[in-house]
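Thank you for making time for this. I would like to walk you through one structure, and I will begin with a single helix before turning to cysteines and charged pairs.

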Amino acid sequence: MHSLQCVLQVQRSLRWGPMASVSWLSLRMCMAHSSLSSTTCPNPERQEAGARKDFSSRLATGPTLQHFLRSASAPQEKLSSEVEDPPPYLTMDELLGRQRKVYLETYGCQMNVNDTEIAWSILQKSGYLRTSNLQEADVILLVTCSIREKAEQTIWNRLHQLKALKTRRLRSQVPLRIGILGCMAERLKEEILNREKMVDVLAGPDAYRDLPRLLAVAESGQQAANVLLSLDETYADVMPVQTSPSATSAFVSIMRGCDNMCTYCIVPFTRGRERSRPVASILEEVRKLSEQVLQLIHERDNICKQIHLPAQSGSSRVLEAMRRGYSREAYVELVHHIREFIPGVSLSSDFIAGFCGETEEDHIQTVSLLREVQYNMGFLFAYSMRQKTRAYHRLKDDVPEEVKLRRLEELITVFREEATKANQTSVGCTQLVLVEGLSKRSATDLCGRNDGNLKVIFPDAEMEDVNNPGLRVRAQPGDYVLVQITSASSQTLKGHVLCRTTLKDSSTYC
């Protein structure tokens, strides 16, 4: 009997069932090194029993169903430190941008703004440069929207304009490559490639990591596309790079895709299934954005060096009852972090005395926090229960009114002591003050704010104008003046005015 006949006998003994095809494949894999490969077959019954035993042992140690369904388990998020080998048809050098200039245009929602920042972060790490000049770009990428027909028509019109730009490209220059990114690339993949032959690259919302490879393929003159949707891609390890240096806000992506399947909406089909970023990744991005804000405050003379940091209580137990989301220790660590970034920063805060369940020990911890941080400004109040709040429905306003008021007075006293100490460090210094107008308490004095947003009082007197030597002027609201501080209290600084200046010129003075 030939080996094929033996195999068929074993196959019949296993009976055909739901897993027959997998079992048959496993058996064929095991056959290569088994004695069944001989040209003769001994006793069929003995051979069948031996085959079953051999098959069972090999099946136990062989590949499992998961080997045939590798996509069943979501892969781990890629770490930013991982360096993948280039595909066999490209070298590592071909994947590098070699300082080619990229021009990015964003259409649609805030998510597309975030996608632009992600795509640019990936390209920047691959050696591309960014340009805001369309004429000098080597790569033009349009981050597109498909939410409405008008949004797509805008892209088609833009492609016609870019076609003329590509046609005029000089042969002496690097060939211009044009790419469509985002939702429209996912929805109209073949149509874009076939209708607009001048489009070199298509990348769907989940394919931005592949941009260096796609652009490398496009360099050979071929069209390159990756519009595969993913069940797990969140770009958690990619730190978005702000694409607009003048932006006053930043978007932090929490999730991608959508499962709602509204009958009118294309988003689930262009952005895939809903998946959330890991919390650690979100917090890390917010932390880095916060540090950028602190660094900006430190560097720019036209930004007030003052941060309002509400504490409400110095007791971790009370903070938890308030549902503030942080502990005393975390709050103090944040204070130290801010002061490291912005030396001399002015801090203000809010405090509540006598919140539900506050004990005397909790109150003492709040007093100690006031002394430890030494705020420049503070807003302190006794707790009053408000209807419709969670505290109204879940907690008991059990601190007597007289205790609340006594604790409030103690907090105010400690705050004033520490604020006076903090403000007295400014005595003898010359500070830049933005004039606001007449002092409320004296018609002969002016009032303004220093770099820490502290109130500064000084006489309304003639002074020299640094831009017009010899000219004597009186300060007007909106002017910048230099004031030498002579005294300080918990609320204000006082001094005498030296001269009128400008924000730019003030840096030459102490």
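**One helix, then the cysteines and the salt bridges**

In helix α5, the buried residues are Asn112, Asn114, Asp115, Thr116, Glu117, Ile118, Ala119, Trp120, Ser121, Ile122 and Leu123. Please keep in mind throughout that what you have in front of you is a predicted model. The helix itself, α5, covers residues 110-125, which makes 16 residues, and from its first C-alpha to its last it reaches 23 Å, close to the 22 Å expected at 1.5 Å a residue. After α5 comes Gly127, and the phi of this glycine is positive, near 95°.

Let me move on to the cysteines. How many disulfides does a search of the whole structure find? The search finds 0. If we take Cys258 as an example, the closest cysteine sulfur belongs to Cys262 and lies 6.3 Å from the sulfur of Cys258, which is too far for a bond, given that a disulfide needs the two sulfur atoms within 2.5 Å. Cys258 is buried, with a relative accessible area of 18%, and Cys499 also counts as buried, at 7% relative accessibility.

The salt bridges are where I would like to spend the rest of the talk, and the count for this model comes to 36. One of them joins Arg209 to Glu233, with the closest N and O atoms 2.7 Å apart. Arg209 sits in the loop between β5 (201-203) and α9 (211-219), while Glu233 sits in the loop between β6 (224-226) and β7 (255-256), so this pair ties together parts that are 24 residues apart in sequence. Glu233 is buried, its relative accessible area being 9%.

Another salt bridge is formed by the side chains of Arg277 and Glu285, at 2.7 Å from N to O, and here both Arg277 and Glu285 are buried.

A further pair is Arg407 with Glu360, where the closest N and O atoms are 3.0 Å apart. This pair links distant parts of the chain, because Arg407 belongs to helix α16 (residues 401-424) and Glu360 to helix α14 (residues 360-373), with their positions 47 residues apart in the numbering. Is Arg407 buried or exposed? Arg407 is buried, with a relative accessible area of 5%, whereas Glu360 counts as partly exposed at 32% relative accessibility.

Finally, there is a network of salt bridges in which Arg100, Lys166, Arg177, Asp200 and Glu219 are linked.

Conventions: Residues are numbered from 1 along each chain as its sequence is written. This is a predicted model: local features need pLDDT of at least 70, side-chain atom pairs count only at pLDDT 80 or more; totals for chains, interfaces and linings use all residues. Side-chain values use heavy atoms; hydrogens and water are left out. Helices (H or I, at least four residues) and strands (E, at least two) are DSSP runs, numbered from the N terminus. The expected span of a helix is 1.5 Å times one less than its number of residues. Buried means under 20% relative accessible area, exposed over 50%, partly exposed in between (1.4 Å probe, protein chains only). A salt bridge is a side-chain nitrogen of Lys or Arg within 4 Å of a carboxyl oxygen of Asp or Glu.
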